[in-house]
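Biologist: I want to know what each label on this model rests on. Please give me the value and the rule together.

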Amino acid sequence: MLSLGIEGTAHTLGIGIIDDKGNILSDVKSSFFPPKGIHPREAAEHHAEVAPKLLKDAIKEAKINPEDLDIISFSQGPGLPPCLRITATFARALSLKLKKPLVGVNHCISHIDIAKLLTSAKDPIILYVSGGNSQVIGFSCNKYRVFGETLDIAIGNAIDKFARECDLGFPGGPIIEKLAKKGRYIELPYTVKGMDFSYSGLVTDVTRRHNSGAKLEDLCFSFQEHAFAMLIEATERALAHTEKQEVLITGGVAANNRFKEMLSDMCKERSAKYFACPMKYAGDNGIMIAWSGILNYKNKKTLKTEESKILPKWRVDD
Ligand code: ATP
Ligand code: FE2
């Protein structure tokens, strides 16, 4: 069975083709990162412009004919409404033209599904850390549940904000990680409330210290230590609460080596297994949507065109 997946919730339009054994046949994408930040309508225009060529490229790379596809999967939400609308329209048109079932996919769950496929994690506590999301998630009593999450901005967003305030460039993550290697520890705000955490206070504090002349390397190092420790504390509690034995990290912030080191240390102490989604598929891509599409299809979750409206606020626990 062949699934074509279209990802288009935010800055990236990605198209991927995968079979039901998990073999990746093609994976193409185009991202829109304007220097002044993303405007939803402009990103949607970008997606509409590149979609036909990406589709051709994906079919060509997979060495198949469009008729060989069995299902058309698309990211139905959550995300920026103008981007979701373009993606859904493109998917509907393709499904109608090829007369193939249309399958809607939750973007956040597809980050988890692809990470599980590509690692051997079976029933992990998932740490989903990206530009727009910071959640500690686990599957329990037949659904995904959020055990902890950010009360304000996502960790990736916090990192990028901090970098922007200090004129470090975008995306901030890799730059801060590099500077942190030469930094020393300063105590900063650490905000964990129950199982949730928050980042705006931390960003405000490091920005203020930067403006009053603190050493940038020290701020980067200490920012990372505090920001990551908050997430790891919530993850450890979720592990203890659910008695699960595995932790899986995914999302763009999972590229950070210090983060992975801290998380794997915590797992070692608790004798839990640690898994990380391969970075190639940890950011937004069409393959993850195509794979979740297969899982949804096998659970009889297809959509009639009239039922396929976008779901900009669709949560992982809905
Ligand atoms: P979402 O899944 O919420 O739509 P997104 O697509 O915006 O998120 P990703 O591409 O998954 O986000 O991740 C981008 C984020 O990852 C950026 O905020 C970036 O700064 C961060 N990032 C990338 N590399 C690193 C790194 N080495 N250390 C820390 N953060 C990093
Ligand atoms: Fe994403």
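Biologist: Where does Pro171 lie?

Modeller: Pro171 lies in the loop between H4 and H5. The peptide bond from Phe170 to Pro171 is cis, with omega near -10 degrees. This is a predicted model: local features need pLDDT of at least 70, side-chain atom pairs count only at pLDDT 80 or more, and totals for chains, interfaces and linings use all residues. Residues are numbered from 1 along each chain as its sequence is written, chains are lettered from A and ligands numbered from 1 in the order in which they are written, and side-chain values use heavy atoms, without hydrogens and water.

Biologist: What makes H4 and H5 helices?

Modeller: A helix is a DSSP run of H or I with at least four residues, a strand is a run of E with at least two, and both are numbered from the N terminus. H4 covers 155-165 and H5 covers 172-180. Both runs pass the cut-off, so both are called helices.

Biologist: Which other proline follows a cis peptide bond?

Modeller: Pro78. The bond from Gly77 to Pro78 is cis, again with omega near -10 degrees. Pro78 is in the loop between E4 and helix H2 (81-98).

Biologist: What is unusual about Lys63, given that it is not a glycine?

Modeller: Lys63 has a positive phi of about 55 degrees. Look for Lys63 in the loop between H1 and E4.

Biologist: How do you know that E1 and E4 pair?

Modeller: Two strands pair if DSSP finds at least two bridges between them. Strand E1 (residues 2-7) and strand E4 (residues 71-77) have four, in the parallel sense. Four meets the cut-off, so E1 and E4 count as paired. Ile6 stands opposite Phe74 in E4.

Biologist: What packs on that sheet?

Modeller: Helix H1 (residues 40-62) does, touching E1, strand E2 (12-19) and E3. Touching means contact, with heavy atoms within 4.5 Å. H1 makes about 160 degrees with the direction of E3. H3 packs on the sheet too, touching E1, E2, E4 and E5, at about 90 degrees to E5. Such angles run from 0 to 180 degrees between N-to-C directions, with axes fitted to C-alpha atoms, for helices over the stretch in contact.

Biologist: What is the strand order in this sheet?

Modeller: The order is E3-E2-E1-E4-E5, an open sheet of five strands with mixed pairing. Strand E3 (24-31) and strand E5 (102-106) each pair on one side only, as edge strands.

Biologist: What do E2 and E3 form?

Modeller: They form a hairpin, with four residues between them. Their seven bridges run in the antiparallel sense. Ile15 has Val28 in E3 as its bridge partner. In the turn, Gly22 has a positive phi of about 95 degrees.

Biologist: Why are E8 and E12 called edges?

Modeller: Their sheet is open, in the order E8-E7-E6-E11-E12, with mixed pairing. Strand E8 (143-149) and strand E12 (273-276) have a single partner strand each, so one side of each is left without a neighbour in the sheet. The twist averages 25 degrees from one strand to the next.

Biologist: In which sense do E6 and E11 pair?

Modeller: In the parallel sense: strand E6 (residues 125-129) and strand E11 (residues 246-250) share four bridges. Ile126 has Leu248 in E11 as bridge partner. Helix H8 (residues 257-270) packs on the sheet, touching E6, E11 and E12, and makes about 155 degrees with E12.

Biologist: How many residues surround ligand 1?

Modeller: There are 22, each with a heavy atom within 4 Å of the ligand. Among the closest are Ser130, Asp160 and Gly252. They divide into six nonpolar, 13 polar and three charged.

Biologist: What makes the Tyr128 pair a polar contact?

Modeller: A polar contact is a pair of N or O atoms within 3.5 Å; within protein, one must be able to donate a hydrogen and the other to accept it, and residues adjacent in sequence count only if both atoms are side-chain atoms. A polar side-chain atom of Tyr128 lies 2.9 Å from an oxygen atom of ligand 1. That is within the cut-off, so the pair counts. Polar backbone atoms of Gly156 and Gly173 each lie 3.1 Å from an oxygen atom of ligand 1.

Biologist: Which element gives the most to the shell around ligand 1?

Modeller: H5, with four residues.

Terms used: Ala, Val, Leu, Ile, Met, Phe, Trp, Tyr, Cys and Pro count as nonpolar, Asp, Glu, Lys and Arg as charged, and the others, Gly among them, as polar.
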